Amino acid sequence: MSDNHCASCNRDTLLENFAAELTRAAYSVALRHGTRCSWIKVELGLWRALAETVKKWAREWPPVGSSDEFKVWREGLLVDLTEEAFHISLRHGVQGFPLEVELGLYRAFRSVIRRLGREALRRQRSA
């Protein structure tokens with residue numbers, strides 16, 4: 001039972017860290033464009049939405065060994081993260097051209113996902 005609890009805690013921590021990395025990337029995009037709300041409202045709004053999105057997609061993780069299913073899953077996650085962050089950004093008064101903001105979010109999330117994927121692969125190979 002304690003092994004399952006430890007694994008669950010570790011997984012929750014990994015998901016929270018992933019959501020934090022995504023929030024940092026999205027917040028950076030929002031700051032570049034400027035907002036009409038306080039910075040803390042924007043950051044917390046992004047964190048809440050992205051953390052929920054990450055949890056939802058983690059439950060839908062594809063089976064191990066299925067690279068095609070993983071690619072589809074990853075792209076779905078990326079699109080959902082972008083939509084959520086874009087919605088929150090608009091709600092908090094992010095300025096600038098909407099398409100430019102949305103594209104900036106997509107690129108920022110894609111970069112985070114790629115970087116973390118490479119780091120995980122390096123850790124796995126060195127273990």
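Before I turn to this chain, one definition: helices (H or I, at least four residues) and strands (E, at least two) are DSSP runs, and they are numbered from the N terminus. By that rule, threonine 23 is found in helix 1, and I will come back to that residue later.

A word on what we are looking at. This is a predicted model, in which local features need pLDDT of at least 70 and side-chain atom pairs count only at pLDDT 80 or more, while totals for chains, interfaces and linings use all residues. Residues are numbered from 1 along each chain as its sequence is written, and side-chain values use heavy atoms, with hydrogens and water left out.

Let me start with the overall picture. The protein chain has four helices and zero strands, and its elements, read from the N terminus, run α-α-α-α. Along its principal axes, the C-alpha trace spans about 45 × 30 × 25 Å. Of the 127 residues in the chain, 35% are buried, where buried means under 20% relative accessible area, exposed means over 50%, and partly exposed lies in between, using a 1.4 Å probe and protein chains only. If we take contact to mean heavy atoms within 4.5 Å, then residues 24 or more positions apart account for 73% of the contacts with a separation of 6 or more.

Now to the core. A nonpolar core is a set of buried Ala, Val, Leu, Ile, Met, Phe, Trp, Tyr and Cys residues joined through side-chain atoms within 4.5 Å. The largest such core here has 31 residues, and those with the most contacts inside it are Leu22, Leu81, Leu105 and Phe109. Helix 1, helix 2, helix 3 and helix 4 are the elements that give two or more residues to this core, and helix 1 gives the most, with nine residues. As a general background, nonpolar side chains in soluble globular proteins tend to be buried together. Taking one of those core residues, leucine 105 touches Ala26, Val29, Thr82, Ala85, Phe86 and Ser89, when residues up to four places away in sequence are not counted.

Threonine 23, which I mentioned at the start, is buried, with a relative accessible area of 3%. Setting aside residues up to four places away in sequence, threonine 23 touches Glu43, Leu46, Trp47 and Leu50.

How do helix 2 and helix 3 lie relative to each other? Their axes, which are lines fitted to C-alpha atoms over the stretch in contact, with angles running from 0 to 180 degrees between N-to-C directions, come within 9 Å and cross at roughly 155°. The two helices are therefore roughly antiparallel, given that angles under 35 degrees count as roughly parallel, over 145 as roughly antiparallel, 65 to 115 as roughly perpendicular and the rest as oblique. Residues making this contact include Val42, Gly45 and Trp57 of helix 2, and Trp73, Leu81 and Ser89 of helix 3.

That brings me to the aromatic rings. Rings of Phe, Tyr and Trp (for Trp, its six-membered ring) pair if their centres lie within 6.5 Å, and planes under 30 degrees apart count as stacked, over 60 as edge-to-face and the rest as tilted. A search of the whole structure finds four aromatic pairs. In one of them, the rings of tryptophan 61 and tryptophan 73 have centres 4.6 Å apart and planes at 65°, so the pair is edge-to-face. Tryptophan 61 lies in the loop between helix 2 (39-59) and helix 3 (67-91), whereas tryptophan 73 lies in helix 3, so this pair ties together parts that are 12 residues apart in sequence. Tryptophan 61 is exposed, at 51% relative accessible area, while tryptophan 73 counts as buried at 10%. Phenylalanine 70 also pairs with tryptophan 73, and this pair is stacked, with 5.6 Å centre to centre and 25° between the planes. These two residues are three apart in helix 3, and therefore separated by about one helical turn; phenylalanine 70 counts as partly exposed, at 28% relative accessibility. Ring pairs link Trp57, Trp61, Phe70 and Trp73 into a cluster.

Finally, two loop residues. Glycine 34, in the loop between helix 1 (2-33) and helix 2, counts as buried at 19% relative accessibility. Which residues does glycine 34 contact, leaving aside its neighbours within four places in sequence? They are Gly93, Val94 and Gln95, and the C-alpha atoms of glycine 34 and glutamine 95 are 5.5 Å apart, although the two residues are 61 apart in sequence. Histidine 92, in the loop between helix 3 and helix 4 (98-126), counts as buried at 11% relative accessibility, and its contacts beyond four places in sequence are Thr35, Arg36, Cys37, Lys41, Val42 and Gly45.
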